[in-house]
Amino acid sequence: MTGFYGQYQTTLDEKGRFALPAKLRAVKGPDIEPLLDGNVILTKGLEGCLSLYPELEWAEIQNRLASLSFTQKDYRFFSRRFYSAASTLMPDKNGRILIPSHLIQEAALKKDLVVIGVNRSVEIWSPERLQYYLEQYTRSYEEVAERLFSGDDRERS
């Protein structure tokens, strides 16, 4: 898998549909088939976005969550929010996806959308929420890169 990347502006139509950018639809999986052909799973993302997963990635997430203990309160809370918001969808022949109304509300989506590739998934943002998120993140891009790639996961002052 080459991964999803890039940032794209698109719009939500009056029916709650948006067109997946062609470059994201073209990303192929290990079987050389486009990852976003067929069923995809859309659910609540982190920091106020929606997350769109190809079936292969969704299966990996399910396996990871299944390995955790249901007795953990955080597991139960996250699972309830994550899975109850999830919808299995299929892009139409034009690559459009119908976002369920509860997810439109969850992510405060209006007409304009920002769609970004984040390697193994795709995020759908309202431009205002994405801008707010980026402004609130106090570390610089370089500081985060240094921390992630150095293997130093301690907080730096």
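Let me start with Phe-82, which at 5% relative accessibility counts as buried, and I should say straight away that this is a predicted model. Tyr-53 is buried as well, as is Phe-82, and the two rings have their centres 6.3 Å apart with their planes at 70°, so this is an edge-to-face pair. In sequence the partners are 29 residues apart, with Tyr-53 in strand 4 (residues 50-54) and Phe-82 in helix 3 (residues 73-85), so that we have a contact linking distant parts of the chain.

What does Phe-82 form with Phe-78? Here the aromatic pair is stacked, at 5.0 Å centre to centre and with 20° between the planes. Both residues belong to helix 3, where they are separated by about one helical turn because they are four residues apart. Their surroundings are worth setting side by side: Phe-78 counts as partly exposed at 35% relative accessibility, whereas Phe-82 is buried at 5%, since buried means under 20%.

These contacts belong to a wider picture, in that ring pairs link Tyr-53, Trp-58, Phe-78, Phe-82 and Tyr-83 into a cluster, and the structure holds seven aromatic pairs.

Now to the charged side chains, where the count comes to five salt bridges. One of them is formed by Glu-106 with Lys-44, the closest N and O atoms being 3.0 Å apart. This pair, too, links distant parts of the chain, Glu-106 lying in helix 4 (residues 101-106) and Lys-44 in strand 3 (residues 40-44), 62 residues apart. Both ends are partly exposed, with relative accessible areas of 24% for Glu-106 and 23% for Lys-44. Lys-44 and Glu-106 are also linked with Arg-81 in a network of salt bridges.

Next, the side chains of Arg-120 and Glu-57 meet in a salt bridge at 3.1 Å, N to O. Arg-120 sits in the loop between strand 7 (112-117) and strand 8 (122-125), while Glu-57 is in helix 2 (residues 55-66), so the bridge ties together parts that are 63 residues apart in sequence. Is each partner buried or partly exposed? Arg-120 is partly exposed, with a relative accessible area of 42%, but Glu-57 is buried, at 9%.

Finally, Asp-92 and Arg-96 meet through their side chains in a salt bridge of 2.7 Å, N to O. Asp-92 counts as partly exposed at 28% relative accessibility, and Arg-96 is likewise partly exposed, with a relative accessible area of 27%.

Terms used: Residues numbered from 1 in each chain as written. Predicted model: local features only at pLDDT ≥ 70, side-chain atom pairs only at ≥ 80, totals over all residues. Heavy atoms only, no water. Salt bridge = Lys/Arg side-chain N within 4 Å of Asp/Glu carboxyl O. Helix = DSSP H or I, 4+ residues; strand = E, 2+ residues; numbered from the N terminus. Buried < 20%, exposed > 50% of the residue type's maximum accessible area, 1.4 Å probe, protein only. Phe/Tyr/Trp six-rings, centres within 6.5 Å; stacked < 30°, edge-to-face > 60°.
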